Amino acid sequence: KHCWCLAGDREAPTKEELPAELRDGARVPTTLGHPSGESVSEREKDMSTMVMDYVRDFMEDVKHDRALQLKTFITVVLSITGFSLFCVEDARLHKANDVVHFTQVWDGKGERKAHKEERFPVISICPTTSDFEGQIKTLTCSGYGPNSFRSFTPQKQQIEIGTISSATELFDCFTVNEAQDYVGTNSSFFIKCDITFNEVVNQGQARITTWANHDVWPHAIIQEPIANTYRWKTVMHKRTTEFYMRVKKYDFKGQGHWFANLEYGQQLLWNSTQDQGPHSSFTLGHEFGMYEEWKEGKLYTTNMMLGTVGGMAFLLSCLNIVAFAFFAGLLQIDRPGAGGGYGGSGSAMYGASDPTGGIPQSAPAGGSYGSI
């Protein structure tokens, strides 16, 4: 009923200029920002009306135009097919990336740096029995390498180790290189330890495991002696058992995580002279190449998925054109009112009354194949 269009230099009406029913806090209806004075709701209503009219006209055309019916049918079928393929690829993307995948890489610069800073891990040596005869009496460890020698002072430590019956038992053990200050620059460096028991008995042997000092290797995966008995390796009597570390670096979320798996090497039997010394001995070093590096990666990325879906969309578009051309020719579909085709009299294609005796003439525009 009352409408003020705020446009140009005209100011809004004052309270005294308003009708009585609009003076007491009622909202003043305005149509800001549109030159015609048309409200936003009216423009939205007009737009929806135009869309409905367009849809209604399209449905009317579909009812009477066989070519448009065929186009619509093929487009709908291929659209549903394309959407289904997109859903399949999206599910494949999420399924492939539900778990973390690592790919082995070689970083020459990083490996050369690691060679200069490769610290030996902490080594724990424990007996395999709680009997007195099988306890470790003395332990002597040294580090060797090209023009290098280092003597270690083993520290006593009590460690819980599990058994095959799932129970755990506390053992009196020794720890070597707890500060992780022994560095080897290549696989020629190693640590050698000689073990002497209270007495040599068949059921009493030694076992070792490796782990990392949190203050030195904060991103190492194992940072304390593991209680699981399968993480420990046995050192046999009257021989030197060689162990080597298969070190792996996992680059996960921009941070390197280190894992060292202890592997058996050679077992060197002693002669009669060596039998007079310690009861067991072992060496620990790095495998050739020092370490393996693995980087986090995705087997199926979003870009790969979008590329696949885009390729499928292009093929479906080509299929749409080919399918329409094929079925339009097969069903002899023409544009309405264009003439031509395969009529009953055939006069559209051949001039029956032509003096030349019905020689083929130029087909009218919009023939059965010209309309495709």
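**View 1. Strand 8 and strand 9 pair in the antiparallel sense.** Three bridges join strand 8 to strand 9 in this predicted model. One residue to find here is R207, whose bridge partner in strand 9 is T234. Step back, and the two strands belong to an open sheet of five strands. The order across this sheet is 5-6-2-8-9, with antiparallel pairing. Which strands stand at the edges? Strand 5 (155-162) and strand 9 (233-235) do. Each has a single partner strand, so one side of each is left without a neighbour in the sheet. Neighbouring strands of the sheet are turned against each other by 40 degrees on average, direction ignored.

**View 2. The charged end of R207 sits over the ring of F171.** The distance from this charged end to the centre of the F171 ring is 4.8 Å. R207 also appears in the previous view, as the bridge partner of T234.

**View 3. Y144 and F190 form a stacked aromatic pair.** A pair of aromatic rings is described by the distance of the centres and the angle of the planes. The structure holds seven aromatic pairs. In the pair of Y144 and F190, the ring centres are 5.4 Å apart. The planes meet at 20 degrees, so the pair is stacked. Why does the pair tie together parts that are 46 residues apart in sequence? Because Y144 lies in strand 3 (residues 136-145) and F190 in strand 7 (residues 190-197). Buried or exposed? Y144 is partly exposed, at 31% relative accessibility. F190 is partly exposed too, with a relative accessible area of 30%.

**View 4. F243 and Y264 form a tilted aromatic pair.** Here the rings are 5.2 Å apart, centre to centre, with 40 degrees between the planes. F243 belongs to strand 10 (residues 239-252) and Y264 to strand 11 (residues 255-269), so this pair ties together parts 21 residues apart in sequence. F243 is buried, with a relative accessible area of 3%. Y264, in contrast, is partly exposed at 38% relative accessibility.

**View 5. F120, F152 and Y182 form one aromatic cluster.** Look for two Phe residues, F120 and F152, together with Y182.

**View 6. The largest nonpolar core holds 26 residues.** In soluble globular proteins, nonpolar side chains tend to be buried together. Which residues of the largest core touch the most other members? They are I125, L139, I195 and F282. Many strands contribute. Among those that supply at least two residues each are strand 2 (122-127), strand 6 (168-176), strand 8 (206-211) and strand 12 (280-297). Strand 7 gives the most, with four residues. Now centre on I125. Not counting residues up to four places away in sequence, I125 touches I136, L139, C173, F174, V176, I195, A206, R207, I208 and F282.

**View 7. A second core is separate from the largest one.** This core has eight residues. Among them are A67, L70, L316 and A323.

**View 8. L93 and Y300 meet across a long stretch of chain.** L93 is found in helix 2 (residues 66-96). With a relative accessible area of 9%, L93 is buried. L93 and Y300 are 207 residues apart along the chain, but their C-alpha atoms are separated by 5.9 Å. Which residues is L93 in contact with, leaving aside its neighbours within four places in sequence? The answer is Y300, T301, T302 and M305.

Terms used
Residues are numbered from 1 along each chain as its sequence is written. This is a predicted model: local features need pLDDT of at least 70, side-chain atom pairs count only at pLDDT 80 or more; totals for chains, interfaces and linings use all residues. Side-chain values use heavy atoms; hydrogens and water are left out. Rings of Phe, Tyr and Trp (its six-membered ring) pair if their centres lie within 6.5 Å; planes under 30 degrees apart count as stacked, over 60 as edge-to-face and the rest as tilted. Buried means under 20% relative accessible area, exposed over 50%, partly exposed in between (1.4 Å probe, protein chains only). A charge sits over a ring if NZ of Lys or CZ of Arg is within 6 Å of the ring centre and within 35 degrees of the ring normal. Contact means heavy atoms within 4.5 Å. A nonpolar core is a set of buried Ala, Val, Leu, Ile, Met, Phe, Trp, Tyr and Cys residues joined through side-chain atoms within 4.5 Å. Two strands pair if DSSP finds at least two bridges between them. Axes are lines fitted to C-alpha atoms, for helices over the stretch in contact, and angles run from 0 to 180 degrees between N-to-C directions.
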